[in-house]
Amino acid sequence: MGRASAKDYNAVANAILKVLPQEGYDDGSAGPILVRLAWHASGTYDAESDTGGSNGATMRFRLEAEDEANAGLEAARKFLEPVKEQFPWISYADLWTLAGAVSVEALGGPKIDWKPGRVDYTDEQNVPPNGRLPDGSKAQDHVRAIFYRMGFNDQEIVALCGAHNLGRTHYYRSGFDGPWVPNPTQFSNTYFKLLLHEEWHWGKSPAGVDQFYDEDQDMMMLPTDMALIDDPEFRKWVEKYAEDKDLFFDHFAKAYSKLLELGVHRDENGIARVNKIKPQAKL
């Protein structure tokens, strides 16, 4: 495919689809880590200070790239470089978020409403503080603190956690190890079914980190995952999504689209403005 005309986002989406097959990487697909890249690029948003979020593509800078929560995402950014070279007019902020939206649908999930217009910041001045992303070793109070800071409610929190239907953890990155579901390249509601109906046993990852395993140790759950069934308000949504795949897909699509828009404030032309980090910005 040659260079597309300016602002042909469908052409960019098609180019992203071509980089998804990655023989020899994880389970043969870049899709799950591209979903994670978009997630982590957006999940730094703090509603109170109106800082962070998907605008700016600040993970290009060392301070954010080296946040422990972003370990391994250099692979995702590398997978997208050929697309950026083919379409140099697209911002990294748009490319990363579009890649997440495209990947969800390509892996069998719902269509994600995505809007272009994000800009790339030119220096580290607007990099949000480290520590704003979820820590998988924590319980429900941590989960709520992280997601409430972004502006999500309990239902949206559980829906977004359904992204764990995709991908796997790596002990040499996060300390955790293994996939959540048997087919980590197929978006579904299996994650919720397994949370409720599988017997999970506490154990240690190869890195010595606390996590939970199924009987055969083929799959795992994080402490934050188990918090979804330990907490009554979270659990009721786990039960709904385990029972109703269509409901989960609908709620996930809305929550993930909202996530990708965090920190994006547009002018009348749909172009995002720069969000300055304020001195009082919080974690």
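Of the 283 residues of the chain, 56% count as buried. Buried here means under 20% relative accessible area, exposed over 50%, and partly exposed in between, with a 1.4 Å probe and protein chains only. The model is predicted: local features need pLDDT of at least 70, side-chain atom pairs count only at pLDDT 80 or more, and totals for chains, interfaces and linings use all residues. Residues are numbered from 1 along each chain as its sequence is written, and side-chain values use heavy atoms, with hydrogens and water left out.

**The whole chain**

Eleven helices and five strands make up the secondary structure of the chain. These are DSSP runs numbered from the N terminus: helices are H or I with at least four residues, strands E with at least two. The radius of gyration is 18 Å, close to the 19 Å that the globule rule gives for 283 residues, so the chain is as compact as a globular protein of that length. That radius is taken over C-alpha atoms, and the rule is 2.2 Å times the number of residues to the power 0.38. The C-alpha trace spans about 50 × 45 × 35 Å along its principal axes.

Contact means heavy atoms within 4.5 Å. Among contacts between residues at least 6 apart in sequence, 70% join residues at least 24 apart.

The chain exposes about 12600 Å², and carbon and sulfur atoms supply 49% of this area. Such areas come from the Shrake-Rupley method with a 1.4 Å probe; for residues, only the protein chains shown count as cover. There are 31 positive and 44 negative side chains, and the centres of the two sets lie 6 Å apart. Lys and Arg count as positive, Asp and Glu as negative; His and the chain ends are not counted. Each charge is placed at NZ of Lys, CZ of Arg, CG of Asp or CD of Glu.

**A sheet of three strands**

Strands β3, β4 and β5 form an open sheet in the order β3-β4-β5, with antiparallel pairing. Its edge strands are β3 (201–204) and β5 (220–221), each pairing on one side only. Two strands pair if DSSP finds at least two bridges between them. Four bridges link β3 and β4. One partner pair there is G203 with Q211 in β4. The two strands form a hairpin with five residues between them, and G208 in the turn has a positive phi of about 85 degrees. On the other side, two bridges join β4 (residues 210–213) to β5. F212 stands opposite M221 in β5.

**The covered helix**

Helix α9 (residues 223–230) is mostly covered, with seven of its eight residues buried. They are P223, T224, D225, M226, A227, L228 and I229. Their cover includes the helices α6 (140–150), α7 (154–161), α8 (190–197) and α10 (232–243), along with strands β4 and β5.

**Three loop residues**

The table gives the place and relative accessibility of three residues.

| Residue | Loop | Relative accessible area |
|---|---|---|
| T58 | between α2 (31–42) and α3 (62–65) | 4%, buried |
| D50 | between α2 and α3 | 17%, buried |
| Q217 | between β4 and β5 | 55%, exposed |

T58 touches E64, Y121, N126, V127 and P128, not counting residues up to four places away in sequence. D50 is not a glycine, yet has a positive phi of about 55 degrees. Q217, also a residue other than glycine, has a positive phi near 60 degrees.
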